[in-house]
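Please look through the model shown here before reading on. The turns that follow take up a few of its helices and strands, one at a time.

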Amino acid sequence: MAQGLRQAAGGGAWSKLTRFGENKGSPNGRGAAPPREPKKKVSAQVVWREARELVARYRGQLAVGLFLMLVNRLAGLVLPASSKVLIDNVLPQGRGDLLWQLALAVLLATAVQAATSFGLSQVMSIAAQRAITDLRKSVQEHVLRLPVGYFDSTKTGALISRIMSDAEGIRNLVGTGVVQLAGGLLTAVIALGVLFWLNWQLTSLTLLVLASFGVVMAVAFSRLRPIFRERGAINAEVSGRLAETVGGVRLVKTYTAERREQLVFARGVHRLFRNVAATITAISVVTAVTTVITGIVGVLLIVVGGRSIIAGQMTLGDFVMYVFFIGLVAAPLVQIASIGTQVSEAFAGLDRIREVRGLPTEDQDDANRRSVGELEGEVVFDQVNFEYVPGVPVLQDVDFVAPAGSTTALVGSSGSGKSTLLSLVLAFNRPASGRVLVDGMDLATLRLHDYRSQLGVVLQDNFLFDGSIADNIAFSKPDATRGEILAAAHLAHCGEFVDRFPEGIDTV
């Protein structure tokens with residue numbers, strides 16, 4: 001089987017010098033490219049479900065992180081609470097004995113904060129990195145099982161961005177981001193309770209001001225999310241084009257296209273710059289509003305708080321403690337602004353990853369297909385029709401028989417469909433109608449893994465993986481012995497050039 005198909009593939013190599021003729025509308029020189037499907041808009045409900053599944057998967061680490069955060073935040077209340085005791089009880093009464101007790105309590109609380117902060121960073125950061133690793137593995141596994149047509153219409157850099165960059169954002173869901181958000185909200189709730197106890201009138205006015213800040217943040221995040229999503233798409237597009245330019249640098253230089261590629265790249269990075277500038281502007285608006293809100297709260301403290309002290313409704317210790325606790329309410333809101341931006345970016349990454357993982361793989365129905373035993377290698381095309389673009393036929397009513405053990409040569413002009421015929425034999429594409437039979441079995445009914453494990457092919461576009469000559473020869477059979485590798489090298493006439501290298505077949 002492998003020998004027969006390997007010989008058939010040789011026909012594609014005969015015309016590789018004229019393959020530019022096949023390149024019309026095709027990224028791989030194999031006829032017209034499959035049409036790009038419009039991107040499906042992923043709903044917020046789908047993304048939320050994905051986020052919930054992700055959080056549920058690491059709920060153990062998140063539970064530990066939330067506990068550590070709870071202890072950390074409670075310990076953080078000791079210092080601001082001690083200010084009232086210091087000002088109203090210790091200093092006026094000259095209680096030196098209480099001074100040391102108060103200092104010891106603050107010291108112990110600080111030690112607890114330091115220990116829980118360290119533990120929180122260790123638990124959550126490691127959990128986030130594990131989640132990123134698992135997601136990358138999952139996406140890469142899915143991408144490799146997508147049909148070849150998807151790779152024909154998608155830039156390599158875009159796929160790399162999906163696998164590597166888009167997964168990075170989830171650290172803000174599984175890592176410290178969500179836990180810090182929860183801890184900040186908890187601290188704010190406790191602090192609000194204390195503030196109402198100290199001065200409910202001043203706290204009510206402060207809440208009105210903070211509520212306006214919440215509205216500004218909600219609007220900002222709703223506008224930031226699509227910008228972050230677009231940034232990922234632009235970054236993938238620019239990276240993809242850059243990978244093509246560097247990979248095809250010989251062709252670029254041959255046709256003196258350096259200036260054209262420079263302009264294409266420049267336009268891409270400028271689009272990326274404008275996107276980043278838009279996010280910076282939005283974040284700057286949130287920061288400016290935060291500053292204004294802080295100033296308004298300060299004015300309320302001076303006016304309302306000062307009048308309460310003059311009227312005897314608050315002591316000086318109450319006021320100082322109030323200032324500390326208003327900071328505990330405002331700080332989480334500022335932190336929420338930062339974390340909210342990060343979470344928006346994480347959701348945008350999940351959007352893009354979900355799109356890829358939602359694409360059907362070429363072997364999804366393998367469980368319903370028949371297993372394949374050892375094949376002899378007879379290939380039959382029975383009334384095969386194929387088209388990349390609907391209504392534009394590439395192959396029409398193709399019939400031929402390639403007996404097992406024979407050599408079948410496919411000869412034709414560039415773009416006539418030689419490589420397309422081979423892609424049908426390899427099951428990279430499926431016929432629009434008709435059948436491709438192998439040993440009398442319809443290829444559409446066979447399990448792809450079983451079938452392809454018995455194929456040998458030399459494609460017209462060569463590709464070498466990073467590694468030695470021996471590694472590349474053994475790529476289809478990683479457990480091949482040294483003797484098998486040398487035998488294959490001899491059959492392929494590699495010895496004609498390999499023996500000239502000092503390290504021979506082990507040359508990188």
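Q: In which helix does serine 82 lie?
A: The model is a predicted one, and the answers here rest on it. Within this model serine 82 belongs to a helix spanning residues 78-93, and that helix is α4.

Q: Is serine 82 buried or exposed?
A: A residue counts as buried when its relative accessible area is under 20%. Serine 82 has a relative accessible area of 10%, so it falls into the class called buried.

Q: Which residues does serine 82 touch, not counting residues up to four places away in sequence?
A: Close by in the sequence, a polar atom of the serine 82 side chain lies 2.5 Å from the backbone oxygen of leucine 79. Once residues up to four places away in sequence are set aside, the residues that serine 82 touches are Leu102 and Val106.

Q: At what angle do helix α5 and helix α7 pack, and is α5 roughly parallel or roughly antiparallel to α7?
A: Helix α5 covers residues 96-144 and helix α7 covers residues 156-165, and their axes are 8 Å apart where the two pack at an angle of about 150°. Angles over 145 degrees count as roughly antiparallel. The relation of α5 to α7 is therefore roughly antiparallel.

Q: How do the residues of the contact of α5 with α7 divide into nonpolar, polar and charged?
A: From α5 the contact draws on Arg136, Val139, Gln140 and Val143, which meet Leu159, Ile163 and Met164 of α7. By class, the residues of this contact divide into one charged, one polar and five nonpolar.

Q: In what order do the four strands form the open sheet?
A: The pairing in this open sheet is antiparallel. Its edge strands, each pairing on one side only, are β2 (395-402) and β4 (441-442). Read across the sheet, the order is β2-β1-β3-β4.

Q: Which helix packs on the sheet?
A: The helix in question touches β1 (379-386), β2 and β3, and its direction makes about 115° with that of β1. It is formed by residues 418-425 and is helix α14.

Q: Which residue in β3 is the bridge partner of valine 380?
A: β1 and β3 pair in the antiparallel sense, and five bridges connect them. For valine 380, the bridge partner in β3 is leucine 437.

Q: Which residue in β4 stands opposite valine 438?
A: Strand β3, residues 433-438, runs antiparallel to β4 and is joined to it by two bridges. These two strands form a hairpin with two residues between them. Opposite valine 438, in β4, stands methionine 441.

Q: What is the phi of glutamine 383, which is not a glycine?
A: Glutamine 383 lies in strand β1, and with a relative accessible area of 38% glutamine 383 is partly exposed. Its phi is positive although the residue is not a glycine, with a value of about 50°.

Q: Where is the place of aspartate 439?
A: Aspartate 439 also has a positive phi, near 50°, in a residue other than glycine. At a relative accessibility of 26%, aspartate 439 counts as partly exposed. Its place is in the loop between β3 and β4.

Notes: Residues are numbered from 1 along each chain as its sequence is written. This is a predicted model: local features need pLDDT of at least 70, side-chain atom pairs count only at pLDDT 80 or more; totals for chains, interfaces and linings use all residues. Side-chain values use heavy atoms; hydrogens and water are left out. Axes are lines fitted to C-alpha atoms, for helices over the stretch in contact, and angles run from 0 to 180 degrees between N-to-C directions. Angles under 35 degrees count as roughly parallel, over 145 as roughly antiparallel, 65 to 115 as roughly perpendicular and the rest as oblique. Contact means heavy atoms within 4.5 Å. Ala, Val, Leu, Ile, Met, Phe, Trp, Tyr, Cys and Pro count as nonpolar, Asp, Glu, Lys and Arg as charged, and the others, Gly among them, as polar. Two strands pair if DSSP finds at least two bridges between them. Buried means under 20% relative accessible area, exposed over 50%, partly exposed in between (1.4 Å probe, protein chains only). A polar contact is a pair of N or O atoms within 3.5 Å; within protein, one must be able to donate a hydrogen and the other to accept it, and residues adjacent in sequence count only if both atoms are side-chain atoms.
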